[in-house]
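Colleague: Could you take one helix pairing in this model and go through it closely, with the cut-offs behind each term?

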Amino acid sequence: MAWRTGPEADAHVEAWKKGRTGFPLVDAGMRELWQTGWMQQTMRMVTAAFLTEYLNRSWTDGAAWFHDTLVDADLAINSMMWQNAGKSGLDQWNFTLLPTSKSQDPTGAYIKQWVPELRGLAAPHIHTPWTAPAASLEAAGVELGKTYPHRIVTSDLSELRAANVMAIRAARAAAVEAGLADGRGYDMLTVPEGCTLKHDGKKMVILTKQEYRQLDGPITSTGKSIAAVAGSSSSMVDEGEEEDFEQQQQQQLTKSAKRRQKQQARNSSSSNSSKAGGKNSVRTKSGRATFKDMQ
């Protein structure tokens, strides 16, 4: 895997560690980590995805920093989760979270807590202060590049992620040629002897995202296949999916309401039939049918 290296890439990692990337949601998470030694799970995913998918840096950089700073650091779990974030683990994340996502902090309250220099910005712009009108920035006391840093990467996020996917696909193409993937495109791993009964010393298929199984297939901004995005029912929704997700949720609520209405109608009909003493209603004086009555 061709991860980015060199002075500029190293500087980006340092900015990420300090919460000075210019992306408020990422910076809030990284500052919380440094100040408290802890970070909520979803924010761990946001910050990890930013490092591996948008800065295209090795997951080992993130794993080392988290291991040093997390009060709940566990070598095995931390390494496993970062491998998954870096798409080299046994359970690759089948999603990604944009560094500009509003779904994780709709009101901007989390950002305001950990990035106080942006507290004056309203919710529409606090996730992307570079899109705020000059008047709004001035009113909030924000001067990009001085009171809050400029973005360390200004390329289109979808283009940055696409470059990362192509790099992973290139690495996987070599793996396919080496026989380390099956005919469906799934990665295969030789399990060390003594680890399992079924795959002892043999190759085992491991989870591989559809986006990577198809070496020349489409790339989505969220990391999910186009079909998965269209039919997603997951509550972890990225920026680009919010509108579709809300529509899907509303459709599901409408269907659920209709099902409840039908069920209530059937229950009511059944109850009325029993009260009317229909021919199929067998009851004793106490109102309860006995086993003998039912014979």
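Modeller: The axes of helix α3 (residues 41-54) and helix α9 (residues 157-177) come within 8 Å of each other and cross at roughly 70°, where axes are lines fitted to C-alpha atoms, for helices over the stretch in contact, with angles running from 0 to 180 degrees between N-to-C directions, and helices are DSSP runs of H or I of at least four residues, numbered from the N terminus. α3 and α9 are therefore roughly perpendicular to each other, a label for angles of 65 to 115 degrees. The contact (heavy atoms within 4.5 Å) is made by T52, E53 and Y54 of α3 together with L157, L160, R161 and N164 of α9. These residues divide into three nonpolar, two polar and two charged, with Tyr and Leu counted as nonpolar, Glu and Arg as charged, and residues outside the nonpolar and charged lists as polar.

This is a predicted model, in which local features need pLDDT of at least 70 and side-chain atom pairs count only at pLDDT 80 or more, while totals for chains, interfaces and linings use all residues. Residues are numbered from 1 along each chain as its sequence is written, and side-chain values use heavy atoms, with hydrogens and water left out.

Helix α3 also has a part in covering α1 (residues 7-18), since the cover over the buried residues of α1 includes α2 (24-36), α3, α4 (59-69) and α5 (75-85). Those buried residues are A9, H12, V13, A15, W16 and K17, buried being under 20% relative accessible area with a 1.4 Å probe, protein chains only.

How values were computed
Helix = DSSP H or I, 4+ residues; strand = E, 2+ residues; numbered from the N terminus. Parallel < 35°, antiparallel > 145°, perpendicular 65-115°, else oblique. Expected span 1.5 Å × (residues − 1). Buried < 20%, exposed > 50% of the residue type's maximum accessible area, 1.4 Å probe, protein only.
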